[in-house]
Every structure is written in structure tokens, then in C-alpha cells.
Amino acid sequence: VFKLEITDSNDDSQEGSANITPNIGMPKESESHDSLVAGGTEDLVTPCISNGSANVNPPSSSPPTEISVSLPCPGGLDDAAPVPQDVGNNDCLASDDRRELVDPISTNSRSLVTAPKNQLTTNAIMTVHNVNDITKGEEKVKISWVNNINDDFPPSFHYIPRNIVFQNAYVNISLSCIGNEDCCSTCMGNCVLSSESCSCANKTGGGFAYTAEGLLKEEFLDECIAISCNPKNCFYCEDCPVERSKNDDCSEPCKGHLRRKFIKECWSKCGCGKKCGNRVVQRGINCNLQVFLTSEGKGWGLRTLEDLPKGAFVCEFVGEILTVKELHERSLKYPKNRKYTYPILLDADWESGGVRDKEALCLYAASYGNAARFINHRCLDANLVEIPVEIEGPDHHYYHFALFTSREIAAQEELTWDYGINFDDDDQPVELFECKCESKFCRNMKRSSSKFNHLFMVTCKNLFLFQHENCDSSPFLESFSVWPRGRLHF
Ligand SMILES: C[S@@+](CC[C@H](N)C(=O)[O-])C[C@H]1O[C@@H](n2cnc3c(N)ncnc32)[C@H](O)[C@@H]1O
């Protein structure tokens, strides 16, 4: 439904004359979100959005033409990191590629034909976004986006369905690393239906985490929720990789990391079939999700378009795999007032000690990520809970950061998880935001008018009610607001 005129960028006289003439309007939630594809066929033009530049690639027979569009990026690539050039096949997890990595922010690409934003109509900019599917076909399901609030577009980023190593992260995925005790090579069919527990079940803590229906077992899930709700489940490293990465003389003591329960899924060296019930996270996103602009001022968010039962896998938090040292080095490259919004520490195994720099990993999803990068924070009573999932091998330094529903979620509800952010700690590269989660348990006590009379703390089996006349001065809440969780804060 689009007419696209692309002018050869090699012709100097035509510079800046790439015209996109769409003839449809902004999508509304009620409308069907057909693909916005220039020329009417997805093959003709492949929009690739990177750091606010929309690169529109014509068919291979034509010379490459790129249109640089200044896209509005709320909370997105304004904190963009250097983007690895040619990260290669997404199927390949570990890349040993040591080619020079170029920061596109400082790169002056000669192949760009720059059309200032004010010369492009809103609809023209929209042609580089696919409202029908932000995944660009990378997932089994499509994930649409809508904005019923204003004319903003979702931030630009590369959609990747699986984590990708940036450069130095040691992610050792090899068959030789998987011993017989680490997999169930003698199993057949569906392990979850078997009466005997196999080594993968034992690695999960004695039994499978999943039911035959593919949901988390209630007991396992409740234990995970209880762990993430209890600050006592924190451990403190003697030699914390985060503090070590700062490489300065006055490094602070470890701020704490959460102890977690792992899930071990069956994998390629196991004898069971591809449809084994102990392979959930590795199958990827399976539910109907949508990116939308929130009305509370949290920026973009992710919601479900279908009812979800308790214990359902929603998505993995996917991003670049960086060492914490690399993340720190990136943070030094950017102005002091710019902080990161998307790092997640993979610190669940640091208690074992002796974690080398190349093994202290985090995920970073500003430039490369999946739908999870849109999930907003909610203090304590979020509807998702994160669980480390080991798939490819027994290496606990690298694991998948999977998000499961902590309760039933109705269609149209926003998906949230507790980032574990410490709103009182300014000494962290993560951007501290004014929390608008609207939870009764909001830890952002510096927010205006946060006066709570009740604090509920739900554990797996118990409900405690703490009643305070004035919670702002309560010692309990004091400790609550400096609660170390070891994820977004460091
Ligand atoms: C991982 S991103 C989530 C997606 C983001 N809202 C966006 O528009 O791209 C985290 C950022 O979202 C915003 N955010 C998340 N949860 C929030 C909350 N409860 N209140 C206010 N802002 C929030 C903050 O700017 C935070 O740095």
C-alpha cells in the first residue's frame, strides 16, 4: 500500500531525495495492524533500525540506499551502547569474533542520505517500523505495538531472539563440557511424564520444575517468589566482580546478590525428544504480547493480549552478553549524566567465589534485545518473576534469565517484574527513575506523597501484615528501601 521511491545515493545531485509516500494513517488499537511494508512486499524493502538510523535496503540488484531518520527514542537508544558491527548469525550464541567494534554514534557513514526529521512526515517515519511485528519475524509469534497516547514511536533497537556475546564474555557452550551427570542421555520421550527422575530433574533440585502442561509447578514457583521477596536471601561476595570492574582504589564492599533457584532444562545431549516437557524456555515466546505506550508515564510497556495462567513462561530477557567490566567501560564512554536503563547481572552463581572477570556477566538490551526490554518495573507485587534457567550446559556463570507469571494475568494487563532496584543508591550506572508502579509496596519512598499505612509481604505460604501509623519513619521500611537484589543495581 506504499509507494517507495528510492534514489541512488551515489548520485550526488539527488542527495536527500529518498521519498517514501505512504497512504495510511497512524494505527489505532482497534484497527488491524497490517504490516507497514514499503512497496507492498516484505522482500522488497527490509527496514533495519539502528541508533535512530533507519536503513532501508532495496533489492540486491539495486545499489544500497539508506535513509537516516531521526526517530524519537523515549528511553531507548538515548542510552545506546556501542553497537557491535555484524554480530553474525543469531543462532550462534558465542562469537569469538575479535573484529574492530565501531561505535555508530561517532561513525560518519558515507552511505547515508540524511533526511532531517522535519522533512519526513509521521507516516513516512512509520514505514521503518513494523507495527504488526517488532520482532521482524524473529519469533514464532508476532508482537505488535500501539500508541493511543501520542505520536511517539517505540525506541529503535535490533530485535534478537537469543543472547549474543558482545566480545569478551566467556560463554562456553560445548558438548565436551556436558558430563553424563549433567544430562539425561538415557532418557526417552517426555522426561516430565516419566515416573523416575533423571539427572536434569536432579539438577533442578530433585524434581522437574514443569508440569505436564508446561507450567511451573506451584510449589517451585512459590519458592522462587518467596526467595525474590526476602532480602535475607542475599549473599555478599568477598571479592565482588562488580566492584572489581570499577578498577579504582576505593572500591566499595559488595552490595549483595540474590540467591536463586535454578531450572535445568533438557538439551541436545539428552536422550529425550524435542517435545519433552522439560524444554520450555528454549522454545521461545509462545504467548500473544503487545508493546504499548503506558498512560502512567513509564514509557513503553509490554502487555499480554490473552489470559495467562499462573506459572506460564512469558519470555526470556535477551540482550548482549557483556562482562561487567565491559559494561563499566561502556559507561565511561558516555557523559556522566547518562546512565544505563537495561543491564541485568547474571550473578546467581557468584556465591561460589573465584569468579574471573570474563565470567562475571550481564545482559544489556538497549541496542540488541527482545520484547522483554519493554517490561516495566513494579515494586514487590509484580506479575512476573525471574528464574535462572540453565539450558546448554552446566556453567552457572551464564544462564537464561526467564520470566514466568507469578499469578493469573488477564488479557490486556501490563506485564511487570521487580527490577530489585535500590532507589536510594545513586552510585550505580543504572538510571534511577521516579517509580510510577502504583504498587502499595512501592520502595521509591522519595516519591511525592508516598504515605502507606499498610505493608503486606506475601511469601509462599504466609501472609504477614505489618501495620504502621507512618511507614516513612518505619525502620522496617527503611531497610526495605535499601533492599539489595543484585540485578539492576550495582
Ligand atoms: C527496561 S526499560 C522498560 C521499557 C521502557 N519503559 C521504554 O519505554 O523503553 C526501563 C526504563 O523504563 C522506565 N520505567 C520502568 N519501570 C518504571 C516505573 N515503575 N516507573 C517509572 N518508569 C519506569 C524507566 O525509565 C526505566 O529506566
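Which residues of E21 are buried on one side, and which on the other? His400, Ala402 and Phe404 lie on one side, with Phe401, Leu403 and Thr405 on the other, and all are buried (20 or more other C-beta atoms within 10 Å of the residue's own, against 12 or fewer for exposed; C-beta atoms are placed from the backbone).

This is a predicted model, in which local features need pLDDT of at least 70, side-chain atom pairs count only at pLDDT 80 or more, and totals for chains, interfaces and linings use all residues. Residues are numbered from 1 along each chain as its sequence is written.

Strand E21 covers residues 400-405; helices (H or I, at least four residues) and strands (E, at least two) are DSSP runs numbered from the N terminus. Two strands pair if DSSP finds at least two bridges between them. The partners of E21 are tabulated below.

| Strand | Bridges to E21 | Direction | Residue opposite leucine 403 |
|---|---|---|---|
| E15 (residues 313-316) | 3 bridges | antiparallel | Cysteine 315 |
| E20 (residues 384-390) | 6 bridges | antiparallel | Glutamate 386 |

Helix H3 (residues 218-229) also concerns E21: the buried residues of H3 pack against strand E11 (257-258), E20 and E21, where contact requires C-beta atoms within 7 Å. In H3, Phe220, Leu221, Cys224 and Ser228 are buried. They cover an arc of only 100° around the axis, which puts them on the same side of H3; the arc is that of the directions from the helix axis to the C-beta atoms. Glu218 and Glu219, on the other side of H3, are exposed.

Key
Contact = placed C-beta atoms within 7 Å.
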